[in-house]
Amino acid sequence: MHSQSGPIGEFDLIERFFKTGTAINSTLSLGIGDDCALIKPLLGEEIAITSDMLVEGRHFFVGTDPESLGRKALAVNLSDLAAMGAKPLGFTLAIALPTVDTQWLESLSKGLFAVANQFSCPLIGGDTTAGPLTLSITAIGSVYFEKAIRRSGAKIGDDVWVSGTVGDARLALAALRQEIILPECDLQSIAHRMHQPTPRVELGMKLGGIASAALDISDGLLGDLKHILKQSQVDAEIYLDQLPKSATLQKQSLAIQNQFAASGGDDYELCFTAPSKQRDVILEISKSLNLPLTRIGHITAMQNDKSTIRIMGTNGNFIGDADATALLKSFDHFAQ
């Protein structure tokens with residue numbers, strides 16, 4: 001975003017692009033226009049709050065389509081709410097702009113409010129300033145008291161599940177970086193996984209009281225799973241050949257398939273654990289949402305002073321440490 005379309009002040013910018021656009025839900029007492037928004041959760045609920053920042057050049061390419069960027073900026077925050085089983089209530093947006101391009105802002109707000117309206121999550125406040133292009137969103141949700149799905153609840157014997165498919169966002173990134181050459185039709189079939197992820201809000205809400213632990217996959221499936229293991233003080237065994245992959249990813253070599261599915265990142269699917277007695281219930285949820293839910297392993301007792309994942313290869317044997325390390329690597333926001 002580099003063009004300037006005429007002078008516009010901060011308050012005019014907010015009024016024009018961000019004050020209207022989302023329907024007000026029943027939990028919002030006061031929205032944009034005062035010093036604070038007011039939210040009234042129902043009796044017996046707790047508030048869930050999450051923040052996520054997207055920085056041009058680090059989290060998205062320079063010149064990224066602003067409508068897709070608006071969608072993704074909110075979607076990744078709603079994905080965090082989904083991981084805890086929370087219902088979205090509203091969000092705030094802080095945005096730094098190198099210049100004010102009204103056409104770009106129109107597209108950004110269109111994408112942002114498309115997701116906001118889909119999940120009844122109104123914009124309730126925020127801030128704007130000049131600076132390198134950065135979007136920071138704080139999303140607010142509600143969950144019944146002491147019913148949030150935490151990372152610390154996994155138990156020995158629990159199954160490990162993942163929603164949807166994993167690895168497509170990383171494959172799309174590889175194609176855009178020209179690390180891998182994909183036919184245009186294949187790239188188009190997976191590009192939305194990188195640019196417009198779908199937060200699994202309905203799934204998260206249905207998993208309340210069923211899942212023992214959960215998180216959303218932002219930095220890679222197995223790397224993120226380690227956060228559950230650490231918080232729960234357990235280990236896990238994962239079956240590499242059970243990782244759910246799209247037909248497009250399956251056209252790649254098995255090594256690329258496994259690497260991207262295990263550690264690719266930006267999938268924004270849910271990884272969760274649940275007692276084995278819940279398998280039939282989970283499969284019914286899968287059917288009701290028309291969303292694949294795949295059992296990819298199980299939780300085991302912690303063997304050492306640090307939680308570990310043992311990965312079983314396609315031959316039925318556990319893979320060696322060097323290969324496992326590559327599959328367990330997470331995205332690092334501070335890596336060069």
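Let's start with β12, which shows two distinct faces: I309 and I311 sit on the covered one, while R310 and M312 sit on the uncovered one. That pattern fits a general rule, since side chains in a regular strand alternate between the two faces of the sheet. Keep in mind that this is a predicted model, so the confidence figures further down are worth a look.

Where does β12 find its partner? Strands β9 and β12 run parallel and are joined by 4 bridges. Within that pairing, I311 of β12 is the bridge partner of I238, so I311 turns up both here and on the covered face of β12.

Now zoom out to the whole sheet. It is open, has 6 strands with mixed pairing, and reads β8-β10-β7-β11-β9-β12 in order. The edges belong to β8 (213-216) and β12 (309-312); each has a single partner strand, so one side of each lacks a neighbour in the sheet. Ignoring direction, neighbouring strands are turned by 25 degrees against each other on average.

Over at the β8 edge, the partner is strand β10 (residues 270-274), and the two pair in the antiparallel sense over 4 bridges. If you want a spot to click on, A213 stands opposite T273 in β10. Helix α7 (residues 221-232) packs on this sheet and touches β7 (159-163), β8, β9 (235-239), β10, β11 (293-300) and β12; its direction makes about 145 degrees with that of β8. Helix α9 (residues 279-289) lies across β7, β10 and β11, and runs at about 150 degrees to β11.

Next, a pair of helices. In general, two packed helices are described by the angle between their axes and the distance between the axes. How do α4 and α5 score on that? The axes of α4 (residues 168-176) and α5 come within 8 Å and cross at roughly 110 degrees. The two helices are therefore roughly perpendicular to each other. On the α4 side, the contact is made by D168, A169, L171, A172, L173, A175 and L176, and α5 answers with L187, I190, A191, R193, M194 and H195. Sorted by class, that contact of α4 with α5 comes to 10 nonpolar, 1 polar and 2 charged residues.

Follow the chain out of α5 and you meet P197, placed in the loop between α5 (184-195) and α6 (201-206). Is P197 buried or exposed? Its relative accessibility is 7%, so P197 counts as buried. Setting aside neighbours within four places in sequence, P197 is in contact with K72, A75, V76, H192 and Y268. P197 and D267 make a nice example of folding back: they are 70 residues apart in sequence, yet their C-alpha atoms are 7.0 Å apart in space.

For the protein as a whole, the count is 10 helices and 12 strands. Of its 336 residues, 51% are buried. Among contacts between residues at least 6 apart in sequence, 85% join residues at least 24 apart.

Finally, how far does the predictor trust all this? The mean pLDDT is 89, and 89% of the residues reach 70 or more. Residues 1-5 have a pLDDT below 50, and this stretch has 16 contacts in the model beyond near neighbours in sequence. Over residues 331-336 the pLDDT also stays under 50, with 7 contacts beyond four places in sequence.

Technical notes:
Residues numbered from 1 in each chain as written. Predicted model: local features only at pLDDT ≥ 70, side-chain atom pairs only at ≥ 80, totals over all residues. Heavy atoms only, no water. Buried < 20%, exposed > 50% of the residue type's maximum accessible area, 1.4 Å probe, protein only. Contact = heavy atoms within 4.5 Å. pLDDT = per-residue confidence, 0-100. Axes fitted to C-alpha atoms, helices over the stretch in contact; angles between N-to-C directions. Parallel < 35°, antiparallel > 145°, perpendicular 65-115°, else oblique. Nonpolar A, V, L, I, M, F, W, Y, C, P; charged D, E, K, R; others polar. Pairing = 2+ DSSP bridges.
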